[in-house]
Amino acid sequence: SKAEMGHTCRGTINLATANITVEDSCNFIISNGGAQTYHLKASSEVERQRWVTALELAKAKAVKMLEESDDSGDESVSQTDKTELQNTLRILSSKVEDLSTCNDLIAKHGTALQRSLSELEALRLPPDSTDKIKQVNERATLFRITSNAMINACRDFMLLAQTHGKKWQKSLQQERDQRIRLEETLEQLAKQHNHLERAFRGATVLPASTSGSGGSGKDLCCPAKGDLSDEDDDNNEFFDAPEIFPMPDMMGHKRTGSNISGTSSDISLDEQYKHQVEDTKKEKRTRIPYKPNYSLNLWSIMKNCIGKELSKIPMPVNFNEPLSMLQRLTEDLEYHELLDQAARCESSLEQLCYVAAFTVSSYSTTVFRTSKPFNPLLGETFELDRLEENGYRSLCEQVSHHPPAAAHHADSKNGWTLRQEIKITSKFRGKYLSIMPLGTIHCVFHSSGNHYTWKKVTTTVHNIIVGKLWIDQSGEIEIVNHKTGDKCILKFVPYSYFSRDVARKVTGEVMDPSGKVHFVLLGTWDEKMDCYKVQLGTGDNGAEARPRAHDAEDSRVLLWKRNPLPKHAENMYYFSELALTLNAPENGTAPTDSRWRPDQRLMENGRWDEANVEKQRLEEKQRLSRKRREAEAARATEDGKAGLSHRGVPPRGPPPALTPLRPPGTPYDPYKPLWFERKKDPVTQELAHVYKGGYWESKEKQDWSLCPDIF
């Protein structure tokens, strides 16, 4: 039926979200940013332009309709709409009956009037009077005809309203029924998938005599999703786990299950962490408590998140991993030896190859890590002091909450400095989640003065609702050496079912300022990167410069290879060796350090229900702190204006150029970061938070008096 055309079916593209691009004079492309793409060819440029214009107008209309539509109506209101429609039709009917009565009266009085006029006309009256009477008679006839026409038009209108009203009601009911069926089907599919996974784990992974050891499949590689509940009740977000899986004996302690609260506790956990705190410098931990198996009604949460900014949605810890975004940012330094090697290079082009490999290596930890890190609280910090072991130390601070932004600064005694400010924006699109990091990364080498900058690519998490979660990276990275003008273009090839290329492929070219290619990079972002020196052929054109087949293997240099994951990583959120150490308790760190965050610690210990309660407390405390700062800023502004008025100076606001840029109606938050300050970068001309110093000196003195109380 026509009502079904409003739903997405195979082979269709929703105009509201479609991308329409012109390829050349006759060709244009329509795509939905996913698997559906149309390549269309018109007979002429004029014909193509007519199609593009028509499609753009239709898209604008579709977007407007989408914005005006009410997407919040979960409850059925069809009976109310039906009653309202019937009431409207009843009122219309009564009005038309009134008009019909008026028409009868008009006809009756009009006939009587014409009869009287005819009698007058029959009388012997002066000629002038006869003409007047005829004129009045004609006007009365016209009036009666017009009244009849009006009544007929009203009757037609009512019949039309009745006919179309039934059609509209039927179409609306069909739309509602189909939406309910779609939601039920999706939820049923997700449940069936969950049952199949459990059956698979029980049949192939778990011994018959045990209840399991954390399982495999999505429960391990997809902690962001969790298990879907067997319940149909959308009001309950959390459900008791049917069983708590025991930890292996080699962990040093056993976990006891509670089928009342669904949480797990560690017998000797407190003692274990006390020992870890005492001596974390000498020995790094190599394991964390195994991830418990929790059930979660995913659909009840995710169906209200489509199209929204993920950082503004309160999520339970079931979607998280026990690390914050600051710690995930620090994980970029896992392959810091690439920068150490780059610092030793005499050639800037060779140095650029190692910087490019370092850029790619930062994505290697994401291949299985489909979970969401904790959003840092405003003012939260994370330090990683590896000066003795690896020659570097790193500091991150959450410098903004809306939009969420983190500043990072790392110094190495091996001759390099890395700094970045990253703002994470994300959108949930139903089937996939797009994560777009914004901000520039800077790497400066001390001896040569070479200053490199680049930006990150888009990360996409697929199969959010049904199927196994998997991650893909796509886009281009341009690494520029601002001192020499050298450049490297890295291309992250998006996964395609029909492509014969190796999955997660990355290609790159290192070129000098003239555009001549000197090195070609080839590899994958989850395994390794190779470098090939270009042997120039007949011409010196960089576009023709590619490694010849017989020279390629001879000139190949392995720049980077991913470290193997630790044993039993699938039970520990697929953490790398570095990630396992990041949240280990450490004495002497700032009170704002992520290691002291209580909800994150509770989650790591397997006490997820308590972690959710603690997470709500911390978020509420952060909201109250922000309101307090806004109120104090407003008071200070009013006092300042009053003081100026008393001195006879007219109050005035800051000059327009200094007015903070924020959405209309948003209170000004006067928060300033503690260890970073906002400056204009002389190279990129961007405003960014730069480390202003003082943290490591405060740590040495153990003077944390300036740190806010955020936990």
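Select glycine 523 and methionine 529 in this predicted model. Methionine 529, in strand S23, is the bridge partner of glycine 523. Now show the two strands in full: S22 covers residues 517-524 and S23 covers residues 528-533, and five bridges pair them in the antiparallel sense. Three residues form the hairpin that joins S22 to S23.

Next, add strand S24, residues 557-561. S24 runs antiparallel to S23, and four bridges join the two. To find one of these pairings, select lysine 528, whose bridge partner in S24 is lysine 561.

Keep S24 visible and select helix H8, residues 337-344. Its buried residues are Leu338, Leu339, Asp340, Ala342 and Ala343. These residues pack against S24, and also against helix H9, strand S13 (405-412), strand S14 (416-428) and strand S16 (441-445).

The tour now turns to the interior. Select Leu418, Phe445, Trp454, Ile479, Leu490, Phe492 and Leu521, which have the most contacts inside the largest nonpolar core, a set of 73 residues. Helix H9 (residues 348-361) contributes the most to this core, with nine residues. In soluble globular proteins, nonpolar side chains tend to be buried together.

Centre the view on leucine 418. Beyond its neighbours within four places in sequence, leucine 418 is in contact with Leu333, Phe358, His408, His409, Ala410, Ile441, His442, Cys443 and Trp454. Another core, of 13 residues, lies apart from the one that holds leucine 418; among its members are Ala405, Leu674, Tyr695 and Trp696.

Proceed to strands S25 (residues 676-680) and S26 (residues 687-691). They run antiparallel and are joined by five bridges. Phenylalanine 676 stands opposite tyrosine 691 of S26. In the hairpin of these strands, six residues lie between S25 and S26, and glutamine 685 takes a positive phi near 60 degrees.

Charged side chains come next. The model contains 31 salt bridges. Select arginine 626 and glutamate 630, whose side chains meet in one of them, at 3.6 Å from N to O. Both residues belong to helix H13 (residues 608-646), where they are four residues apart, about one turn of the helix. An α-helix has 3.6 residues a turn, so residues three or four places apart point the same way. Is each partner buried or partly exposed? Arginine 626 counts as partly exposed because its relative accessibility is 24%, whereas glutamate 630 is buried because its relative accessible area is 16%, under the 20% limit.

Select glutamate 331 and arginine 328 for another salt bridge, of 4.0 Å from N to O. Glutamate 331 is buried, with 3% relative accessibility, and arginine 328 is buried at 15%. Adding Glu321 and Arg369 completes one network, in which salt bridges share partners. A further salt bridge links aspartate 593 to arginine 595, with the closest N and O atoms 2.9 Å apart; both of these residues are buried.

Finally, move to the surface and select Trp470, Tyr495, Tyr497 and Phe498. They form a nonpolar patch with about 560 Å² of accessible area together. Tyrosine 495 sits in the loop between strand S20 (487-492) and strand S21 (505-511). Tyrosine 495 counts as partly exposed because its relative accessibility is 45%.

To close, display the whole protein chain, which has 14 helices and 26 strands. Buried residues account for 43% of its 711 residues.

Technical notes:
Residues numbered from 1 in each chain as written. Predicted model: local features only at pLDDT ≥ 70, side-chain atom pairs only at ≥ 80, totals over all residues. Heavy atoms only, no water. Patch = residues over 30% accessible without salt bridge, like charges linked within 9 Å, V, L, I, M, F, W, Y side chains within 5 Å. Areas by Shrake-Rupley, 256 points an atom, 1.4 Å probe, with all protein chains shown as cover. Buried < 20%, exposed > 50% of the residue type's maximum accessible area, 1.4 Å probe, protein only. Pairing = 2+ DSSP bridges. Core = buried A, V, L, I, M, F, W, Y, C linked by side-chain atoms within 4.5 Å. Contact = heavy atoms within 4.5 Å.
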